[in-house]
There are 2 protein chains.
Amino acid sequence: MIDDLDARLIGLLTEEPRIGVLECSRRLGVARGTVQARLDRLQERGVIRGFGPDVDPAALGYQVAAFVTLEIRQAGGHDPVADRLAAIPEVIEVHTITGGGDMLCRIVGRSNQDLQRVIDQIVDVEGVQRTSTVIALATPVRQRTLPLVRAAVRP
Amino acid sequence: MIDDLDARLIGLLTEEPRIGVLECSRRLGVARGTVQARLDRLQERGVIRGFGPDVDPAALGYQVAAFVTLEIRQAGGHDPVADRLAAIPEVIEVHTITGGGDMLCRIVGRSNQDLQRVIDQIVDVEGVQRTSTVIALATPVRQRTLPLVRAAVRP
DNA sequence: AATTCACTGCGCAACCTGTACAGTTGAAGC
DNA sequence: GCTTCAACTGTACAGGTTGCGCAGTGAATT
């Protein structure tokens with residue numbers, strides 16, 4: 001799916017996103033055109049979605065994070081609910097899931113009280129029948145894909 | 001926590017990460033030095049963690065995503081468990097949580113069978129007593145912070 | 001009134017990007 | 001063994017961009 005050079009390139013960009021194509025080529029020991037071609041291809045294939053800024057909600061004042069499991073009314077399906085959830089800024093992420101619940105959202109709030117406000121908004125969404133929330137106390141492993149990239153290198 | 005210019009800057013960079021400082025300044029209608037200073041300050045304050053490549057596990061062949069709730073043995077605490085989980089590449093994210101479980105991980109696998117392999121590795125981690133997995137079937141809202149950034153603008 | 005701070009507008013040298021092209025290499029197929 | 005193809009290398013050029021510094025302005029603070 002990916003070769004060693006790709007993986008090293010992604011690793012490099014992950015650790016020092018500032019360096020640019022030319023510097024990458026120097027550190028990887030390949031020609032600049034190669035790095036450029038690899039990057040283009042990785043983006044075309046969707047392996048790299050982009051280089052957007054990685055914003056920390058906590059630094060914006062949203063210091064509490066939580067996961068909310070939703071049960072929704074079967075009639076109407078997931079999409080209308082997802083759309084309404086998407087309209088809430090504090091809803092960071094929404095998945096449909098297997099198991100007891102129907103959907104799982106990641107949300108943030110400025111405080112536990114503020115979280116309640118967000119949850120109330122979610123409960124108010126038409127089609128949501130029940131919610132169950134767990135608060136994230138700490139995050140020993142923050143979202144990462146580098147190890148995966150390295151594991152995905154074809155031998 | 002953030003002002004309107006900051007928010008517009010982040011928005012711009014989120015939607016077109018390629019554009020660079022000078023182009024930002026043109027589009028925002030401010031001087032280049034201002035954009036540069038704002039960016040520096042946003043990064044210093046930790047609002048922007050970085051500009052790393054956003055890698056899509058699915059494009060790497062890891063097409064199944066899941067959330068695993070762990071119950072761990074009380075003796076020893078969370079950290080040793082988190083460390084061992086961090087050693088598994090397919091573990092994308094780990095939180096400690098309130099509620100019935102003790103930890104919540106996001107994991108990926110190449111298939112449902114492969115997911116089983118990953119879960120087995122997690123169960124094998126010393127201190128893990130029980131796990132409960134839900135598979136993410138779809139992701140109507142992918143991780144995002146832009147709405148939050150806009151909501152966080154101080155008036 | 002003096003001070004501080006952020007922003008503007010300017011300039012400069014150095015560097016990087018996008019792009020192109022010819023030559024080399026290595027693997028795959030005939 | 002020879003051809004073919006894709007990928008990589010090395011090079012070149014124009015144009016844009018960055019990093020940096022500096023003087024001036026305006027608003028808010030003291």
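Good morning. Two residues are counted as being in contact if their C-beta atoms, placed from the backbone, lie within 7 Å. With that definition, I shall describe how chain A and chain B meet in this predicted model.

By that criterion, 59 residues of chain A and 59 residues of chain B take part in the contact. Which elements of chain A supply at least two residues each to the side that touches chain B? They are α1 (4-15), β1 (54-55), α4 (78-86), β3 (91-97), β4 (103-109), β5 (128-141) and α6 (146-151). The most is given by β5(A), with eight residues. As for the character of this side of chain A, its residues comprise 37 nonpolar, 13 polar and nine charged.

Let us stay with β5(A), and consider how it meets the other chain. Strand β3 of chain B, residues 91-97, is joined to β5(A) by three bridges, and the two strands run antiparallel. One of the residue pairs can be named: A:Ala136 has B:Ile97 as its bridge partner in β3(B).

I turn now to symmetry. In general, two copies of a chain are related by a rotation about an axis and a shift along it. Here, a turn of 180 degrees, with a shift of 0.0 Å along the axis, lays chain A on chain B with an RMSD of 0.0 Å. The two copies are therefore related as by a two-fold rotation axis. Which C-alpha of chain A is nearest the axis? It is that of A:Phe51, at 2.7 Å from the axis. Finally, both copies use the same surface, since 100% of the contact residues of chain A recur in chain B. Thank you.

Terms used:
Residues are numbered from 1 along each chain as its sequence is written. Chains are lettered from A and ligands numbered from 1 in the order in which they are written. This is a predicted model: local features need pLDDT of at least 70, side-chain atom pairs count only at pLDDT 80 or more; totals for chains, interfaces and linings use all residues. Copies are superposed by least squares on the C-alpha atoms of residues with pLDDT of at least 70 in both. Helices (H or I, at least four residues) and strands (E, at least two) are DSSP runs, numbered from the N terminus. Ala, Val, Leu, Ile, Met, Phe, Trp, Tyr, Cys and Pro count as nonpolar, Asp, Glu, Lys and Arg as charged, and the others, Gly among them, as polar. Two strands pair if DSSP finds at least two bridges between them.
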